[in-house]
Amino acid sequence: MDAQSQWTGLDAGRLERITEHLERSYLANGKITGCQVTVARHGHIAYARNFGLMDRERGKPTADDTIYRIYSMTKPIVSVALMTLYEQGYFQLNDPVHRVVPSWKNHSVWVSGEADAIVTEPVRRPVSFRDLLSHTSGLTYGGMLPGVGDQHPVDAVYRGMNLRSEGSTHTMPEFLDKLGRVPLAFHPGERWMYSLASDAVGALVEVISGKPLAQYLEEVIFQPLGMKDTAFWVAPGKVDRFAANYRRNEAKALVVHDDPATSGFIREPAFKSGGGGLTGTSADYLRFCEMLRRGGELDGARILGPRTIEMMHMNHLPGGKDLTQLALGGFSETANEGVGFGLGFASTMGQVETGTLGVGDYYWGGAASTIFWVDPKEDLSVVFMTQLMPSGTFNFRGQLKSIIYSAIVD
């Protein structure tokens with residue numbers, strides 16, 4: 001066994017199956033233009049590799065410092081940010097959000113009908129902070145998810161109110177006030193639905209802290225962890241490192257979805273989306289994952305206490321159920337079988353149900369097929385970056401888990 005394998009307990013030869021698999025199944029046939037994989041165990045890098053091109057049209061190879069749109073991998077970051085305020089006593093998980101946003105006292109819940117004929121009833125209980133963090137609030141995505149469209153009759157109300165995160169010009173208080181006026185899709189805590197809840201979480205960070213969300217994340221998370229390339233927009237001096245984003249056309253050939261030279265991400269957005277607005281590098285996100293793996297601390301910088309981290313990746317779904325029993329809508333960044341949901345993360349509850357190796361890991365992904373997971377039992381962090389819309393095109397997570405967990409030898 002070589003020195004690296006001794007430090008990590010991962011067989012280096014078996015990890016090379018990652019290289020073989022990605023080159024054979026995705027790069028050689030042009031299913032993706034490039035990607036990046038980082039695997040760390042016990043705090044040591046066991047595998048780190050760049051593949052292909054970050055920008056096919058300009059012939060730019062994937063590099064260590066390539067910047068990606070991480071989209072919904074923003075959600076765990078703003079969830080951690082809100083929990084730093086929880087640790088300071090600003091709220092309890094079961095507190096109603098209307099303590100901070102008074103307009104949320106008047107929520108109603110959809111019963112039947114569409115458009116102007118929607119019938120509602122009063123909420124059985126108000127939306128709590130826990131509901132927002134765990135996507136059990138009754139909010140929806142308002143039909144704004146690319147390629148998904150409406151998932152519930154209330155989505156039309158969101159559109160009528162111009163209630164969205166991407167391209168929004170709302171202030172955070174305005175955004176929260178509008179969310180307080182839309183009918184909920186279900187009673188809080190009774191179902192699970194992927195939604196604008198994480199954008200609400202980001203807005204609450206700003207309202208409670210009294211600081212702009214971008215500033216709070218920079219001061220409390222990014223600077224302490226050395227995440228120097230993570231931001232809501234790509235600065236002019238970094239645009240040459242910004243990857244192109246792709247999608248497949250009807251012939252399943254890759255076409256540019258978002259050109260880095262003209263992308264909306266190279267300008268500061270008016271609304272900083274806590275649900276999907278960040279860009280960053282693999283190295284930065286690995287530092288975030290390592291902080292989680294180490295119980296809230298990295299290189300002397302403590303972001304959260306270890307007991308808070310432990311609570312965040314527990315399953316907070318009512319009755320200990322999994323997503324198959326509670327999820328509404330056909331889109332999220334996870335399968336449902338054997339999967340629970342905590343405060344900003346999905347979690348693997350059962351290997352048999354998920355059909356994947358490993359149990360107890362927690363994770364999420366982004367719309368451009370980026371993924372990460374942290375496994376406290378195996379002391380493992382994994383980050384995978386590429387830029388392919390939408391995220392459900394290929395099962396990168398399941399395939400990488402099969403290879404990586406079968407390489408654990410100690």
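**Exercise 1. Determine how strand 15 and strand 16 are paired in this predicted model, and over how many bridges.**

*Solution.* Begin with the two elements themselves: strand 15 covers residues 371-375, and strand 16 covers residues 380-385. In this predicted model, their pairing is antiparallel and extends over five bridges. A specific partner pair illustrates the register: W373 stands opposite V382 of strand 16. Next, examine the connection. The two strands form a hairpin, with four residues between them. Within that turn, D379 has a positive phi of about 60 degrees.

**Exercise 2. Identify the bridge partner of T38 in strand 16, and state in which sense strand 1 and strand 16 run.**

*Solution.* Strand 1 spans residues 34-41. It is joined to strand 16 by six bridges, and the two run antiparallel. The partner of T38 in strand 16 is V383. Strand 16 therefore pairs both with strand 1 and with strand 15, as DSSP finds at least two bridges in each case.

**Exercise 3. Establish which residues lie on each side of strand 16, and whether they are buried or exposed.**

*Solution.* First, recall a general principle: side chains in a regular strand alternate between the two faces of the sheet. Then assign the sides. L380, V382 and F384 lie on one side, whereas S381, V383 and M385 lie on the other. Finally, apply the cut-off for burial, which is under 20% relative accessible area. Six of the six residues of strand 16 are buried, and both of its faces are covered.

**Exercise 4. State how many cavities of 30 Å³ or more the structure contains, and describe the lining of the largest cavity.**

*Solution.* A search of the whole structure yields two such cavities. The largest holds about 90 Å³ of space. Its lining comprises 15 residues, with T33, G34, L53, T386 and Q387 nearest its centre. Strand 1 and strand 2 (44-55) are the elements that give two or more residues to this lining. By residue class, the lining consists of ten nonpolar and five polar residues, with no charged residue.

**Exercise 5. Describe the second largest cavity by its volume and by the residues that line it.**

*Solution.* The volume is about 30 Å³. The lining is formed by K75, S79, L132, L133, H135, S198, F341, G344 and W364. At least two of the lining residues come from each of helix 3 (74-86) and helix 4 (129-134). Sorted by class, the lining has four nonpolar residues, four polar residues and one charged residue.

Key
Residues numbered from 1 in each chain as written. Predicted model: local features only at pLDDT ≥ 70, side-chain atom pairs only at ≥ 80, totals over all residues. Heavy atoms only, no water. 1 Å grid on protein atoms, 1.4 Å probe; cavity = no way out; pocket = protein on both sides within 12 Å on 5 of 7 lines; lining within 4 Å. Points joined across faces, edges and corners; volume = space filled by probe spheres on them. Nonpolar A, V, L, I, M, F, W, Y, C, P; charged D, E, K, R; others polar. Buried < 20%, exposed > 50% of the residue type's maximum accessible area, 1.4 Å probe, protein only.
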